[in-house]
Amino acid sequence: MVNKEEPSLEDVPRAVSLTSLLSEGDEPEEEFHDYEDIPNGTWDDIGLRSPSFSSSLVPEVPPTPMEGLPSTPSTPVIKVGWLNKNPPQGPHISSTARSYIYQKRWVKLDSDYLRYFDSDKDAYSKRFIPVSCISRVSGISDQKFEVITHNRTFVFRTESDAERKDWMQALQQAMEEQRRRAQLEPPCPGIPDQAGNLELRGVKNKLYVVVAGDKVLLYKNLEEYQLGIGITAIDMSVGNVKDTDRRSFDLTTPYRIFSFSTETELEKAEWLEAMQDAIAEALSTMDVAEQIWADAPNRLCADCGAPHPDWASINLCLVICKRCAGEHRWLGPSVSKVRSLKMDRKVWTEDLIELFHHLGNEAGRRFWAANVPPSEALHPSSSPEDRRHHLEAKYREGKYRRYHRFFGKQEELDKALCVAVTTTDLEETQALLGCGAAINCFSGDPEAPTPLAVARQAGQRLQMEFLRNNQTSEMPRLDPVSLVEKHYSVIQPTVSHSGFLFKTASVAKPLQERRSREEFSRRWCVLSEGVLSYYENERAVVPNGEIRVSEIVCLSVPPSDAHGFDSTFEVYTETERMYLFGSESRDLAREWVRCIAKAFVPAHAEELLCRDFERLGRLSYKAGLSLQRTQEGWFALSRSELRVVFKESPSEEALQLRKLQELSIEGDKEVLVLVERGRTLYIQGERKLDFTGWLGAIQKAAASSGDTLSEQQLGDSDIPVIVYRCIDYITQCGLTSEGIYRKCGQTSKTQRVLESLRRDARSVHLKEGEHHVDDVSSALKRFLRDLPDGLFTRTQRSAWLDTAAIENEEEKISRYQELLGLLPPVNRATVKALISHLYCVQCFSETNQMNTHNLAIVFGPTLFQTDGQDYKVGRVVEDLIDHYVRVFSVDEEELRKQREEITAIVKMRVAGSASGTQHAGDFICTVYLEKKATETEQHVKIPASMTAQELTMEILDRRNVRIKEKDYWTCFEVNEREEAERPLHYTEKVLPILHSLGTDSHLVVKKYLAMEAMLMYLASKVGDTKHGMMKFREDRSLLGLGLPTGSFHDRYFMLNRSCLRLFKEIRNPKQHSGGPENSHKPEKEWPTKSLTIYLGVKKKLRPPTCWGLTVVHETEKRERQQWYLCCDTQMELREWFATFFLLQHGETVWPSEPSKVVRPAPESRLGSVSLIPLRGSENEMRRSVAAFTSDPLSAQSPP
Ligand SMILES: [Zn+2]
């Protein structure tokens, strides 16, 4: 048998004409069937993602070739070569009528498929025929042979009899092998994730396209799909999908672009989602699945026996198939916690995998399925109803379990559990728990009170893992007779309520669109005995449906205009369903919400019901000192306040969402992180449906909710973040700008700044060079002018104006103080911050021409929202600035600081003009020596020309630090928030870096320990490029908020002087000696110079190794992207970093003679002034100014 080597995919030319794939020139025209008119409605439903939902809708699937798809690496090619082929024939066509047209085809046979290609260069076949579909292979005249399937015949012609014999033998062997395998392991009907007709550009008829697992398969039509005969399979590990048009999208692979079109936008969204999932699945490694499947029993579904189960119940310790997983999910996480072997990588810790080796399907069968009557057993093809019935009996009722000898004797069960967990006998623990032993029973030992603590004491890692996964499990009850009452056994206050409501069908996905009135049906609803039932009418006896109150996890009240009914509310259940109710009357709806809430919220959290809420429910969280433990808490969202009753605290606590320091989503929308001053709360998404709703609601509540001052995101001292950002920026960059606040910015730019600040001020960082001071000052004015109620409020406005007319100075000041006290807190804080700022601005009037009077002319009409006709508006502003100290009771310390700041800036301005250079941009900045601490602070004036090395020398010099040989003293930019730092190259200019520093960054001068290793590496290296694998993680923007998500994946990188390239996949790296240069196009590419590389990756992102890099990429449009790299070893990290360092900064990474560096001559007028540390003030102003002790100018106190 000739076994030619498969051509490497990389060798395939990229420009293969699109039509060659599907131009069926070799097929008679009548073979084209347009199956559009086939009633295929049922197939359209398959796209539903929720397994519990789709399984009930999926029709019995024909035997399709899902489980060993073409080109899977596990199926090596048996035979390959050129053959002549004539078009396929139906059995009804007599052999004499057969066409004599033959075409050369590159044919490949592996154990699962016979495929043929246009040429040996093609990545995508023209046809694939499953070996299992071939019924016979027979030789015919003229060195031809036929491959016969039950309704198609494919004829191939060989060059010689010997060749024909070879091919026939190979085919027959493959068929036999296939049959043998089928007997051992019946083929599993695969369920497509998405299937349907799609238009493919360049092809006349619609194709039947199937997304299954990590493949996209193309079939000519539904019939061929059912037969299993397809065109080609696209391996999504090289795929990428891109939205191109309203109804079109591209599936891009290195070899070809497939442009698909759908009928509707909605349909397109479904396809995109399905294909993206397929990519995710292709990229997820099989590691976990392979490890779990190492035990033979784990290779068949624990419940129905289907092969290749890739889901698991992590508390029951069972490996199950996708269909059973759907039903497990329906049972709820308290019975079975369902996770994917392939996608939920994070849950698969070593302990959990090991636990599956010890328990797994074998032990699970012995315990849970000890007494299954054959009539009730499941098969791979069992219907969804049978599955649900069986699984409910099995795990909820414990019907088939093996009874433990202590069954029914609680005390003995508990005692036995405490003993079992000290041993390696996991099966015993499983049996005890499954028979009712209490997982948190008291062990009798106060030192280790629970079984978990006992196991920990005994060092039983796996026992601990098992117990932890079952902490919240609901095991079958002791007494099977009382099962019926189980759901009602939770003692709830008996709330009763009844009346008519309008109801829509329940859904498993979040509602995307408005539900019109017509979509609701009138139902008689009764809340009683812990069940909310709905009936056709008030006389009906049998309910149309019911919701058990104990299963309600969340209650939400959408805004009144959300749906066709003015008042609606949503009920979310444990089983991931959402019920929407509507009412004609607002009061009636409120009453229902109150009653349902009362029925499902436990007594200890009833406090939450005292106030109106938009959303109420239970969620899992981690907080405070018990971060390792997930607990359940009760949450209520009222406007921007999230009220919580935590498990361990007696009363509710409130989080002000608009005052959060951080709000982010970790993982794949799984954990919501809320950082408040001094505390962090992690809310975990146990269930997808209600959690998605919570996410949206909390994010919305944390954003500015309107235009009034108190609706803004607020900073520490109640100043809206938006105001504060502008003031801060002007203080840094605009104090000496001529006509500041008087000059107008460009309208479009002002608008843009204001919009971004309004959207999420917390995330906006204004930068010099990017934002002009006049644009920012105009944005601030615009914001203040547009405040719906004005800064001084509508009601008090005239009182302020009247005060301006008071002649007696003392009386006037005390009246202003009085009025200030009457303002709402946020307004008061804002007025103070603003006047304090204007006070600073007028101190520079010599330069900026904005004295108090001028500022008053500008700000009077702005703050009082008038046209400026009334002189009094300006008068008020002028008074407030003039009497700033007294009106706002500025205390001594505050005043001193303020003066110091101003005088420092004045001084610098004077110094600058004296030396004849433009020094307005000079900064005095805080730099630390070795580490950030008060005692290591140094304040250095940074002229525009100062390099990192000059700064380093300056600091060392001041502290009298002597440089020894091989002490690589370097200035680092440290970003505390990102937990990353960057050594500055010695030639880098410090000033631009200072301008770009965020508030959580600072500069430190310290020794760079890795420098020597880097220098040695660079010295030994030939060339200045580097290639290799790193783990890559990108932050994709979530919900447009720029929140991080995603995980690390292996990628191949090539770095050279011009750019850094990323390759998604290097296939068969051994096959091409020339390295990856000849591989396909890079997935991404960045200019080397546009990257800023930091050492370190923040822990929150769970980097796979501790040798990480945080990379910031600034695009030409000044958009910032951030992503992460991880190396396997420290050496790798140093090599990469050294290469970046070298490529970005030119020839050398370290000066040859550092001590001889030219230092700027000390400023003559500043040189003698000793610097004092400036305390880190709350208002971020610190980095723009410095303070001097003895300052002649401080005598110039404000008027
Ligand atoms: Zn199954």
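Is C418 buried or exposed, and what is its relative accessible area? In this predicted model, C418 is buried, with a relative accessible area of 12%, and the views below take up this cysteine together with the zinc site, a sheet and a helix.

**View 1. Cysteines C418, C441 and C525 in a model whose disulfide count is 0.** A disulfide is a covalent bond between the sulfur atoms of two cysteines. The closest cysteine sulfur to that of C418 belongs to C441 and lies 3.9 Å away, which is too far for a bond, given that the sulfur atoms of a disulfide must be within 2.5 Å. C418 is buried at 12% relative accessible area, and C525 likewise counts as buried, with a relative accessibility of 0%.

**View 2. The zinc ion and its cysteine donors C301, C304, C321 and C324.** The SG atoms of these four residues coordinate the zinc ion at 2.2 to 2.4 Å, and the angles among the 4 donor atoms, 103 to 116°, make the site tetrahedral. Along the chain, the donors follow the spacing C-x2-C-x16-C-x2-C. C304 lies in the loop between α7 (287–293) and β15 (311–313), whereas C321 lies in the loop between β16 (318–320) and α8 (322–331), so this pair ties together parts that are 17 residues apart in sequence. Both C304 and C321 are buried.

**View 3. An open sheet of 7 strands with antiparallel pairing.** The strands follow the order β11-β10-β9-β8-β14-β13-β12. At the edges stand β11 (232–235) and β12 (240–243), each of which has a single partner strand, so that one side of each is left without a neighbour in the sheet. From one strand to the next, the twist averages 35°. Within this sheet, strand β8 (residues 194–200) runs antiparallel to strand β9 (residues 207–212), and 5 bridges join the two; Q194 has V211 in β9 as its bridge partner.

**View 4. Helix α20 (residues 773–786), a mostly covered element.** The 14 residues of α20 reach 20 Å from the first C-alpha to the last, close to the 20 Å expected at 1.5 Å a residue. An α-helix has 3.6 residues a turn, so residues three or four places apart point the same way. Of the 14 residues in α20, 11 are buried; among them are V773, V776, L780, F783 and L784, as well as the charged-type side chains' positions D774, D775 and K781.

How values were computed
Residues are numbered from 1 along each chain as its sequence is written. This is a predicted model: local features need pLDDT of at least 70, side-chain atom pairs count only at pLDDT 80 or more; totals for chains, interfaces and linings use all residues. Side-chain values use heavy atoms; hydrogens and water are left out. Donors are N, O and S atoms within 2.8 Å of the metal (3.2 Å for Na, K and Ca); water is not among the atoms, so sites may look incomplete. Four donors count as tetrahedral if all angles lie between 85 and 135 degrees; four count as square planar and six as octahedral if opposite donors are over 155 degrees apart and all others between 65 and 115; anything else is irregular. Helices (H or I, at least four residues) and strands (E, at least two) are DSSP runs, numbered from the N terminus. Buried means under 20% relative accessible area, exposed over 50%, partly exposed in between (1.4 Å probe, protein chains only). Two strands pair if DSSP finds at least two bridges between them. Axes are lines fitted to C-alpha atoms, for helices over the stretch in contact, and angles run from 0 to 180 degrees between N-to-C directions. The expected span of a helix is 1.5 Å times one less than its number of residues.
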